[in-house]
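Subject: Structure handover

Hello,

Please find the structure below, followed by notes on what turned up in it.

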Amino acid sequence: AEFDMERVAEMRTAMAELGDAYKVSFNDIVLKAVATALHQHPECNAHWLGDAIRYFDRVHLGMAVAIPDGLITPVIFDAQAKGLRDIATESRDLAARARERKLKPDEYTGSTFSVSNLGMFGIDQFTAII
């Protein structure tokens, strides 16, 4: 799917004019949108267990972060209950600590859904290998 992000870019610019506390990335906006959608459609926030499906009430959102050895997915817990600014702050902190290899195991385990966004690299399609 393709999305026109012009209005999102305008919102992001307006927020940035309010100061650093309101600085959000496109990825932060994608994370918030995914968390909201998963909360509204819990049938998508689920894991296949082989003979049953486990549905989750809470959205624990894994966000893919590139590190020298590959990829790690730190988790924004209860993302459905957090505002955009909180998600932006938390995602920046988690990504920085992931690159510095300072995450604790409980900060990169327990996601119910993961997001990998390569749009900032000009990539408009890819197949994730899990």
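**Salt bridges and a surface patch**

Glu-10 is partly exposed, since its relative accessible area is 42%. Keep in mind that this is a predicted model.

Glu-10 pairs with Arg-7 in a salt bridge, and the closest N and O atoms of the two are 3.6 Å apart. The distance counts because a salt bridge requires a side-chain nitrogen of Lys or Arg within 4 Å of a carboxyl oxygen of Asp or Glu. Both residues belong to helix 1 (residues 6-16), and because they are three residues apart there, about one helical turn separates them. Arg-7 has a relative accessible area of 67%, so this residue is classed as exposed.

By the same rule, the count of salt bridges comes to seven. Two others are described here.

One of them joins the side chains of Asp-78 and Arg-58, at 2.7 Å from N to O. This pair links distant parts of the chain, with the two positions 20 residues apart in numbering. Asp-78 sits in the loop between strand 6 (75-76) and helix 3 (84-99), while Arg-58 sits in the loop between strand 2 (53-55) and strand 3 (61-63). Asp-78 has a relative accessible area of 21%, which means partly exposed; the cut-off for buried is under 20%. Arg-58 is partly exposed as well, with a value of 45%.

The other is formed by the side chains of Glu-107 and Arg-97, again with an N to O distance of 2.7 Å. Glu-107 is in the loop between helix 3 and strand 7 (113-115) and Arg-97 is in helix 3, so the salt bridge ties together parts that are 10 residues apart in sequence. Are these two residues buried or exposed? Glu-107 and Arg-97 are both buried. The pair also belongs to a network of salt bridges, in which Asp-93, Arg-97 and Glu-107 are linked.

As background, side chains of opposite charge can pair when their charged atoms come close.

The remaining item concerns nonpolar side chains. Which residues form a nonpolar patch on the surface? They are Phe-3, Met-5 and Phe-26, and together they have about 300 Å² of accessible area. Phe-26 is placed in helix 2 (residues 26-40). With 32% relative accessibility, Phe-26 counts as partly exposed. That value qualifies Phe-26 for the patch because members need over 30% relative accessible area.

Regards

Methods: Residues are numbered from 1 along each chain as its sequence is written. This is a predicted model: local features need pLDDT of at least 70, side-chain atom pairs count only at pLDDT 80 or more; totals for chains, interfaces and linings use all residues. Side-chain values use heavy atoms; hydrogens and water are left out. Patches are made of residues with over 30% relative accessible area and no salt bridge: like charges are joined within 9 Å, nonpolar side chains (Val, Leu, Ile, Met, Phe, Trp, Tyr) within 5 Å. Accessible areas come from the Shrake-Rupley method with a 1.4 Å probe; for residues, only the protein chains shown count as cover. Helices (H or I, at least four residues) and strands (E, at least two) are DSSP runs, numbered from the N terminus. Buried means under 20% relative accessible area, exposed over 50%, partly exposed in between (1.4 Å probe, protein chains only).
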